[in-house]
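Dear colleague,

I am passing on a structure that will be new to you, and below it I have set out what was found. Please read the notes with the model open beside them.

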Amino acid sequence: MLSRKLLVILLASTAAVTAQPAHAQSTDDIGVELLQLLVDEGVIPAQKAQDLLTRAKQVAELRRQRETPPSATTIDVPYVPETVRVEMKQQIKAEVMAEAKQAGWVAPNSMPEWLSGIKISGDFRLRYEGDFFPRSDPKTQTGNFPSFPDFNAINQMGGVNNTAGFPILNSTVDRHSARYRVRLGIAAKVNDFVSVGLQLASGNDSGAISTNQLLGDYFNKDRFWIDRAFVTLTPVKGVNLTGGRMPNPFYSTDMVWDTDINPEGIALDIQHRFGSATVFARGGAFPLQELDLYNRDRWLFAGQVGVEGRIVDDVQVKAAVAYYDFHNVNSLKNAPDGSRLNDYTAPGVLAKGNSLFNMRTDGLTTLAGLASDFKLLNVTGSVTYTGFGDIPVRLTGDVVKNRALISRANLLKLDSNSLIKPGGLGWQARLDVGKDRITKFGDWHIAAGYKHVETDAVLDIFTDSDFGLGGTDVEGYLVEAEMGIYPGASIGVNWFSTNSIERAPFSVDVLQLNLSAHF
């Protein structure tokens with residue numbers, strides 16, 4: 001209920017004007033305005049305002065009968081200046097809102113206080129993709145090699161019989177597909193020290209590097225995956241400890257980490273500002289696979305240090321050095337007697353490009369094993385020029401070196417028929433012009449870049465899934481453009497043209513047309 005003081009103010013203000021004075025403001029001038037203000041603000045419903053006004057008129061009528069002499073035909077009501085009326089409105093509004101908050105009222109156009117700490121966001125992207133392969137001519141030996149084994153499919157079947165034939169990757173037939181991506185995120189601030197994040201995403205499967213859902217499954221319903229689920233503790237300003245399935249905590253490009261990667265584990269992020277520069281240090285431990293019966297769990301241990309800041313007017317730089325130490329991701333060859341005791345070391349998922357060997361020694365079956373270890377030294381940096389107003393220009397460079405690359409001699413020990421030369425270097429250069437985030441009509445962004453990623457420079461299951469249709473042992477260029485057509489909506493086009501480096505000829509041009517919306 002309203003406080004007694006507030007009720008007195010309301011009744012007094014309305015009663016003071018309910019008697020029709022000869023030299024004062026009209027009957028509804030003050031009281032009705034005050035009540036209408038409360039209704040407009042959503043503090044009280046219209047019916048309650050009407051009841052208050054009726055009651056105020058009744059009180060005023062009783063007071064007039066009690067205090068006015070029978071012979072009197074008029075009364076004089078002192079004039080209320082405009083400044084006093086405004087002050088009365090503000091006082092009443094402040095007191096009503098304060099009491100409403102204290103009493104926990106839920107006004108028609110307001111939200112409970114606990115909702116103020118929750119933010120909901122999301123995006124939707126509709127995409128056409130065309131994959132175009134060169135025409136093959138066996139006579140001139142041009143075009144793509146037609147028989148690339150799909151080693152991921154082989155391993156998902158637990159190995160295959162050599163005489164049954166291998167599943168094959170498409171390298172010759174142009175493909176046209178329609179896809180969509182939808183993501184829904186919730187960020188909740190529990191208190192000043194704890195926050196929680198959750199994101200759901202579409203996807204053909206639970207793979208880490210793509211949230212695209214292919215259209216064309218006889219209208220069967222699609223699945224929604226938990227893409228992120230994490231908690232962040234901030235004990236002091238500049239220190240964040242995050243655990244769960246989280247956004248990628250490292251400053252990187254899609255050469256090492258696809259933009260859809262959300263690692264699982266625990267990560268610490270420390271930042272401190274020195275003048276115009278911010279120094280940051282990040283590290284984490286991320287389980288890749290737990291093996292119940294074997295003491296050979298797969299892990300990633302990672303650390304990064306970097307700095308960002310403005311060196312001169314209109315020029316900002318960011319640079320970082322990271323080290324990614326993958327444990328036990330390589331496979332072990334089975335004993336020559338044909339046993340399968342080491343089959344458990346086969347990779348759970350493969351893309352294409354990394355150096356592989358047949359783990360089986362029976363001469364009859366094939367199970368793909370990962371030949372190299374991976375300990376990656378990664379240097380990433382960018383220079384951004386903002387002298388063109390709201391059109392930033394950014395040049396980004398990225399270099400990665402696998403310091404645990406398997407040698408050619410050791411690869412031949414695992415697979416004497418291997419024709420692949422292991423390579424441990426990857427690099428890319430990219431130029432971006434325009435808005436980083438398209439939010440309204442007329443916003444635009446264009447980019448161009450070149451990549452060179454050797455066979456074992458990075459793990460092929462984590463690198464960009466679009467460039468060369470994913471994987472390593474690929475080089476080529478990319479062009480991207482995006483433009484806002486409505487607030488929160490944009491259209492875009494991406495073009496990737498790539499070739500293999502060491503393996504048999506594999507070239508592909510990928511065209512993507514996007515319609516995107518976000519909120």
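**The largest cavity**

The largest cavity is lined by Met255, Lys451, Val453, Thr463, Asp464, Phe467, Gly471 and Val474. Please keep in mind from the outset that this is a predicted model, and that what follows was computed from its atoms. Sorted by class, the residues around the largest cavity comprise four that are nonpolar, two that are polar and two that are charged. The volume of this largest cavity comes to about 40 Å³, and the count of cavities of 30 Å³ or more is three.

**The nonpolar cores**

The largest nonpolar core holds 28 residues, and those with the most contacts inside it are Trp257, Tyr324 and Phe326. Strands S12 (298–312), S13 (315–327) and S16 (368–370) each contribute at least two residues to this core, with S13 giving the largest share, namely three residues. If you would like a place to begin looking, you might ask which residues Trp257 touches once those up to four places away in sequence are set aside. Counted in that way, Trp257 is in contact with Asn248, Ser252, Leu300, Tyr324, Phe326 and Phe462, and two of these partners, Tyr324 and Phe326, are named together with Trp257 as having the most contacts inside the core.

Apart from this core lies another one, of nine residues, which includes Val474, Phe496, Phe506 and Val510. Val474 will already be familiar to you, as it is also one of the residues that line the largest cavity. As a general background to both cores, nonpolar side chains in soluble globular proteins tend to be buried together.

**The strands around S5**

Strand S5, which covers residues 175–189, pairs with strand S1, residues 118–132, in the antiparallel sense over 14 bridges, and within this pairing Tyr128 has Ala178 of S5 as its bridge partner. S5 also pairs with strand S6, residues 194–201, again in the antiparallel sense, over seven bridges; here Ala187 is matched with Gly197 in S6. How many residues lie between S5 and S6 in the hairpin that they form? There are four residues between the two strands of that hairpin.

A further pairing of S5 is with strand S7, residues 213–214, where two bridges join the strands and the direction is antiparallel. In S7, the bridge partner of Tyr180 is Gln213. When you follow these strands by eye, it may help to recall that in a regular strand the side chains alternate between the two faces of the sheet.

With best regards

Note on methods. Residues are numbered from 1 along each chain as its sequence is written. This is a predicted model: local features need pLDDT of at least 70, side-chain atom pairs count only at pLDDT 80 or more; totals for chains, interfaces and linings use all residues. Side-chain values use heavy atoms; hydrogens and water are left out. On a 1 Å grid over the protein atoms alone, a cavity is a set of points where a 1.4 Å probe fits but cannot get out, and a pocket is an open set with protein on both sides within 12 Å along at least five of seven lines; lining residues have an atom within 4 Å of a point. Grid points are joined across faces, edges and corners, and a volume is the space filled by probe spheres set on the points. Ala, Val, Leu, Ile, Met, Phe, Trp, Tyr, Cys and Pro count as nonpolar, Asp, Glu, Lys and Arg as charged, and the others, Gly among them, as polar. Two strands pair if DSSP finds at least two bridges between them. A nonpolar core is a set of buried Ala, Val, Leu, Ile, Met, Phe, Trp, Tyr and Cys residues joined through side-chain atoms within 4.5 Å. Buried means under 20% relative accessible area, exposed over 50%, partly exposed in between (1.4 Å probe, protein chains only). Contact means heavy atoms within 4.5 Å.
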